[in-house]
Amino acid sequence: MYPGGESQLQTEAILFDRREPDGMMPRFGLRRETVKQENPVPVSSLTASDLAQVTRVAELIRSHQSFLIVGHVRPDGDCIGSQLALGLGLRALGKQVRVYTPGPLMRHLTFLPHAHMVETALDMSFEPEVTAYVDCGGRDRAGQDFEPRGRIINIDHHLSNDHFGDAAYVNTRATAAGEMVYDVLQHLGVELTADIASALYLAIMADSGSFKFSNTVTRTFEIVTELVRAGASPSWIASEFYDTQRPGTLWLKGQILSHLHYECEGRLCWAEITQEMYERAGGESCEPEGLVSELRSIEGVEVSVLIHELAEGGARAGIRSRGTWDVNMIATELGGGGHRNASGCFIRGNYPEVRDRILDVARRHLAQPPAAQQVTAG
Ligand SMILES: [Mn+2]
């Protein structure tokens with residue numbers, strides 16, 4: 001099941017250099033420590049406030065028996081990986097666990113061991129003592145119709161998260177929600193099995209853009225080192241996640257790439273996927289993975305926007321930026337949110353009008369230097 005997963009690192013010791021990249025608040029100070037292979041030290045270098053939050057979440061978990069773990073609509077690798085890892089970890093503690101996503105569950109997310117645990121239809125007869133939100137920037141991210149039951153746990157790394165719930169662990173510096181689930185499971189003393197490690201590896205790999213995005217810091221690699229040690233196979237997970245494209249996906253990618261729009265002197269690049277394009281490609285499940293990030297990679301482009309026409313009317317958009325451009329501000333103004341360099345929004349209404357509104361807000365932000373970006377209420 002895990003090609004290469006059984007091989008263990010033979011390294012005697014690893015040196016951790018806990019410096020942050022320039023411009024970031026130092027989280028751990030500069031210190032070195034030696035980690036022995038036979039007895040890996042858990043990565044417990046959290047700030048006091050992070051640790052207090054993790055402790056509260058862990059206490060709520062310890063004192064309850066049944067859990068519904070919920071993620072966001074259109075789950076990504078971080079969402080599914082984090083949900084599964086938390087679900088497996090709590091089961092290992094003898095808890096009763098159900099894992100739910102409003103879906104749709106794309107094919108490249110179903111390869112993980114125990115992926116069948118993820119349900120896309122909510123069993124209304126299940127009455128959990130606790131609902132645990134994972135990777136949800138707000139309660140509404142779990143779907144408009146979803147109502148939590150029991151106490152609420154909130155584990156998330158989005159800027160838009162308002163610390164909702166009875167126990168919240170919100171860390172906007174975390175690479176992925178998976179990193180935070182790792183912290184919680186470590187705190188609970190859950191053994192890091194190969195299955196849990198693989199789910200967490202997918203989460204962190206997906207949200208860091210395979211360790212390329214600016215959210216990739218020393219702590220990312222410290223945790224990932226532990227995951228690989230526990231049996232996660234980087235090559236297998238990357239291959240299952242990225243190398244499973246359908247012909248329709250590549251056709252759609254070709255259509256989008258040959259119809260790119262450049263504005264604001266080339267700093268804004270946008271494209272759209274209409275319902276007609278999805279129909280010709282073979283359905284929305286043929287959506288290309290990571291395409292909006294690829295548009296940002298074009299020389300001179302600072303902000304990229306990929307707009308999807310929704311079957312029910314309106315649009316959702318992925319928005320990416322590089323450097324200091326804060327696309328969370330653009331998304332927030334459009335009723336969405338996310339991270340500084342990666343955000344999104346979802347707007348109902350007439351498609352051409354919604355598309356133009358998204359573009360107008362993006363153009364206005366790009367007309368001024370990044371430091372002068374202003375959010376207008378609306
Ligand atoms: Mn995430």
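1. In this predicted model, a good place to start is the pairing of strand 3 with strand 6 (residues 130–134), which runs in the parallel sense over four bridges. Within that pairing, Phe67 stands opposite Val130 in strand 6.

2. Strand 3 also pairs with strand 4 (residues 96–100), again in the parallel sense, and here over five bridges. Phe67 takes part on this side as well, since it stands opposite Val97 in strand 4. To get from strand 3 to strand 4 the chain passes through helix 2 (residues 77–92), and the resulting β-α-β crossover is right-handed. As for cover, strand 3 (residues 66–70) is mostly covered, with four of its five residues counted as buried.

3. These pairings belong to an open sheet of six strands, whose order is 5-4-3-6-7-8 and whose pairing is parallel. Strand 5 (118–119) and strand 8 (167–170) stand at the edges of the sheet, and each has a single partner strand, so one side of each is left without a neighbour there.

4. Further along the sheet, strand 6 pairs with strand 7 (residues 151–156) in the parallel sense over five bridges, and in this pairing Tyr133 stands opposite Asn154 in strand 7. Helix 2, already met as the link in the crossover, packs on the sheet and touches strand 3, strand 4, strand 5 and strand 6, while its direction makes about 170° with that of strand 4. Helix 3 (residues 177–188), for its part, lies across strand 6, strand 7 and strand 8, and runs at about 125° to strand 7.

5. A pair of helices deserves a separate point: helix 4 (residues 194–207) and helix 5 (residues 218–229) pack at an angle of about 150°, with their axes 9 Å apart. Because angles over 145 degrees count as roughly antiparallel, helix 4 is roughly antiparallel to helix 5. The crossing of the two helices is left-handed. Helix 4 contributes Ala197, Leu200, Tyr201 and Ile204 to the contact, and helix 5 contributes Thr220, Ile223, Val224 and Leu227.

6. Finally, for the protein taken as a whole, the secondary structure comes to 11 helices and 14 strands, and 41% of its 378 residues count as buried. Among the contacts between residues at least 6 apart in sequence, 65% join residues that are at least 24 apart.

Definitions and conventions
Residues are numbered from 1 along each chain as its sequence is written. This is a predicted model: local features need pLDDT of at least 70, side-chain atom pairs count only at pLDDT 80 or more; totals for chains, interfaces and linings use all residues. A residue is buried if 20 or more other C-beta atoms lie within 10 Å of its own, exposed if 12 or fewer, and partly exposed in between; C-beta atoms are placed from the backbone. Two strands pair if DSSP finds at least two bridges between them. A crossover is right-handed if, with the strands pointing away from the viewer, the path from the first strand over the helix to the second runs clockwise. Two residues are in contact if their C-beta atoms, placed from the backbone, lie within 7 Å. Axes are lines fitted to C-alpha atoms, for helices over the stretch in contact, and angles run from 0 to 180 degrees between N-to-C directions. Angles under 35 degrees count as roughly parallel, over 145 as roughly antiparallel, 65 to 115 as roughly perpendicular and the rest as oblique. A crossing is left-handed if the near helix is turned anticlockwise from the far one by less than a right angle, and right-handed if clockwise.
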